[in-house]
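Dear colleague,

Please find below the structure that I am handing over to you. My findings follow directly after it.

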Amino acid sequence: MRKFKQLLMALIMMLFVPMFVSAAGIVEADDQITTEGEYYSNKIIAGDKVTNEAYIDGLALLTGNSVKNNGKLSYGFLAGNDITIKGEIEKDLFAAGNDITIEEDAIIPRDVYLAGNKVVIKANIGRTLYVAANILDLRDVTVNGNVKTAVEEILVNDNTVINGTLSYEENTIIGNLDAATINDVVTYKESTVKPSFKEEVIDTASSTIALLVTVLVLFIVFKQLRETIDEIEFDVASFVKNIILGFAFLIVVPVASVLLMITGVFLPLSLIALALYAIVLYLSVGIGSYVIGRLLWNITKKDHNWFIDLIIGIVLVNIVGLIPVVGEIVESLITFYGIGLIASLLKPSK
């Protein structure tokens, strides 16, 4: 189920794209928009009510409250409340929404990835179908590949044909299964076993040591970075400012990277940006914890030793992280603060 939730979140992130890219030439945005013609490039279409009648030979992102595709897409990415899919998807289809319907006249020869509340499929699927939903309706359809699900209920009938393997969680409600023609059926049990406190402590200790060593090496190699951080005066206003900056960085960078990736021309740049993004995320906790360590050491009124500050901060933050709810909140704030601090250091000086 966790993988399907990750799929859902990744697809939902597409809803944020239009807010950051309205000035881009590949974007059409309006309350009600209908796209026609032929486009031999990637295209983003956003609005309250979006209807595509066009042929888009590239990556097509359609996002809005009501989204309908009647045209032909090379790759289809759809996100919205009510999604209706007709026409042809030449390659793979990705969709996330509340109600998702694939109509009978849809042509989808390859894989389909869907995440929503209710998913109704009336057209045949050429290859594998992946679905995360509450209800999956597979009546009167043929799936030529596997059907992998994380759903509450599956509807099938005697006209349901699955030429591959149907896999679902053992508590899924599925009636009339014997009437359907299915090559193989596999059930799985979602793991609900929580790690013991001892295991959590061991994991925390190992991650603490790894982070400590990483930041230690970073500060030794880039001594000026540590000295610059040491010169920053900590106050509530700057703390809140960096948290807000860090949260914005957390959202904007992956969205901008995806847009660069969609253009094709800037693919190497987008991959570099995502790699740096991952590095900043990891280092943010360590650098944020270092600042916390310095603040706590100030209480002793003794001369600073940056190595001790680092140990105090990282160890304390990771110990607090073991506390339910409180630990998650503290770690999130430290992460946002660390990201914001790094981002502020990366800004060119005036």
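A residue is called buried here when its relative accessible area is under 20%. By that criterion, buried residues account for 42% of the 350 residues in the protein chain. Please note that this is a predicted model.

Overall composition

The protein chain contains eight helices and 16 strands. Its exposed area is about 18,400 Å², of which carbon and sulfur atoms supply 59%. Of the contacts between residues at least 6 apart in sequence, 25% join residues at least 24 apart.

Strand pairing around β13

Strand β13 (residues 147-155) runs parallel to strand β11 (residues 129-137), and eight bridges join the two. Within this pairing, Lys148 of β13 has Tyr130 opposite it. Strand β14 (residues 161-169) also pairs with β13 in the parallel sense, over two bridges; here Lys148 stands opposite Ser167 of β14. Strand β15 (residues 173-175) is likewise parallel to β13 and is joined to it by three bridges. In that case, Glu153 has Ile173 of β15 opposite it.

Nonpolar cores

The largest nonpolar core comprises 42 residues. Which of them touch the most other members? They are Leu78, Leu93, Ile102, Leu114, Ile121, Leu129 and Leu138. Apart from its neighbours within four places in sequence, Leu129 is in contact with Val112, Leu114, Ile121, Leu138, Val143, Asn146, Val147 and Lys148. Three of these partners deserve a second look: Leu114, Ile121 and Leu138 are themselves among the residues that touch the most other core members. Lys148, another contact of Leu129, is the residue already described opposite Tyr130 and Ser167.

There is also a second, separate core of 24 residues, which includes Val215, Tyr277, Leu341 and Ala343.

Nonpolar surface patch

On the surface, Ile209, Val213, Val217, Ile220, Val221 and Phe222 make a nonpolar patch of about 580 Å². Val217 belongs to helix α3 (residues 197-221). Is Val217 buried or partly exposed? With a relative accessible area of 44%, Val217 is partly exposed. Patch residues must have over 30% relative accessible area, and Val217, at 44%, therefore satisfies that cut-off.

With kind regards

Notes:
Residues numbered from 1 in each chain as written. Predicted model: local features only at pLDDT ≥ 70, side-chain atom pairs only at ≥ 80, totals over all residues. Heavy atoms only, no water. Pairing = 2+ DSSP bridges. Helix = DSSP H or I, 4+ residues; strand = E, 2+ residues; numbered from the N terminus. Core = buried A, V, L, I, M, F, W, Y, C linked by side-chain atoms within 4.5 Å. Buried < 20%, exposed > 50% of the residue type's maximum accessible area, 1.4 Å probe, protein only. Contact = heavy atoms within 4.5 Å. Areas by Shrake-Rupley, 256 points an atom, 1.4 Å probe, with all protein chains shown as cover. Patch = residues over 30% accessible without salt bridge, like charges linked within 9 Å, V, L, I, M, F, W, Y side chains within 5 Å. Salt bridge = Lys/Arg side-chain N within 4 Å of Asp/Glu carboxyl O.
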